[in-house]
Amino acid sequence: MLIRPRRLRRTPAIRDLVAETDLRPRHLIQPYFIQQAVGAAQIESLPGIARTGIEETCRQVEADLKLGLKSILLFGVSAAKSPLAEHSHDPEGLVPQAVKELKKRFRQDLVVMTDVCLCAYTDHGHCGVVLDDEIQNDESVAILAEMALVHAQAGADVVAPSDMMDGRIAAIRARLDGEGWHNTAILSYAIKHGGAYYGPFRDAADSSPKFGDRRTYQMDPRNAREGLKDALLDLEEGADILMVKPGLHNLDLIWRLREMCLSPISSYHVSSEYSAVKAADRLGWVNGDQLMLEQLISLRRAGSDMIVTYAGREALQKNWIS
Ligand code: PBG
Ligand code: ZN
């Protein structure tokens, strides 16, 4: 007797019946870039994504909610930059203001996550404070904890440190708890590799390092155990959700982390992964819509509970998923 696996691939309905992976609106987290100026400014290297002022952000979020997108991740685009990144933890800063406004309007209907990192606020563009050309770990962590607290006070549901300093999760948890913010969750960028992955994002956030690179804090893409070890450390330090980034380059790590822990795992479908599809689609070399969806599905299949992706809104607008 010939074994015939094709029996279960015969019709769309049968294929749906045996499908193992689901991608739903609730799995998607839409990034936002908050700018000072009113209105919206398209980001050339991130097609379809704009920097938006607070009012424009609220309007866009309202539209996203109607589509079924309930979770957003906010990045500040700051014109005010300084060696110690003072504006990163200004309670009247752009991101806290945006969070307050969003939570006032949308309350519990919306999950507001905020990026916690210094690179958009330092004059040199590194994710931490620099002294003698070296990134200072503990000084940076103290500022990051302050930034997280300011976001929590503004009403953020989740703070998401992306800086990659050591001990930041414990420091942020302690600072939040010390001030009574027990209910603010931490999504840790637990595994984050350094490389060419983030170019379009840095255009969007104006956060490129002015000298050197990020290799003394982001992880070496040749390593797998390094990231898994760090992810477990983040859990011990109090992280509620672990993120793997860039997602598509690290499907192995998403999978291995899934086997190693019981916490929710997010992946980040990063800017270069998104923009590469858009560019190839423009050239007519790939079917961008289909390819984008297939990428998101593979992130889910590897074990991501949720995905940060620039394609979230488009996926729902174009009914790739519902
Ligand atoms: C800031 C940050 C970066 C991303 C998320 N947070 C850029 C970087 O580390 O240089 C990248 C996201 C993307 O490329 O979409 N620390
Ligand atoms: Zn950074």
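A polar contact here is a pair of N or O atoms within 3.5 Å; within protein, one must be able to donate a hydrogen and the other to accept it, and residues adjacent in sequence count only if both atoms are side-chain atoms. The model is predicted, with local features needing pLDDT of at least 70 and side-chain atom pairs pLDDT 80 or more, while totals for chains, interfaces and linings use all residues. Residues are numbered from 1 along each chain, chains are lettered from A and ligands numbered from 1 as written, and side-chain values use heavy atoms without hydrogens or water.

Around ligand 1 there are 19 residues (a heavy atom within 4 Å). Lys192, Arg202, Lys245, Ser271 and Tyr310 are the closest. Three side chains have an N or O atom at these distances from an oxygen atom of ligand 1:

| Residue | Distance |
|---|---|
| Lys192 | 2.7 Å |
| Ser271 | 2.7 Å |
| Tyr310 | 2.6 Å |

The protein buries 100% of the 400 Å² that ligand 1 exposes when taken alone (Shrake-Rupley method, 1.4 Å probe).

The second ligand is a zinc ion, coordinated by the SG atoms of Cys117, Cys119 and Cys127 at 2.2 to 2.3 Å. Donors are N, O and S atoms within 2.8 Å of the metal (3.2 Å for Na, K and Ca). The donor residues follow the spacing C-x1-C-x7-C. Angles among the four donor atoms run from 100 to 116°, and the site is tetrahedral (four donors, all angles between 85 and 135 degrees). Cys117 and Cys119 are both buried, meaning under 20% relative accessible area with a 1.4 Å probe, protein chains only.

Notes: Tetrahedral: all angles 85-135°; square planar, octahedral: opposite > 155°, others 65-115°. Buried < 20%, exposed > 50% of the residue type's maximum accessible area, 1.4 Å probe, protein only.
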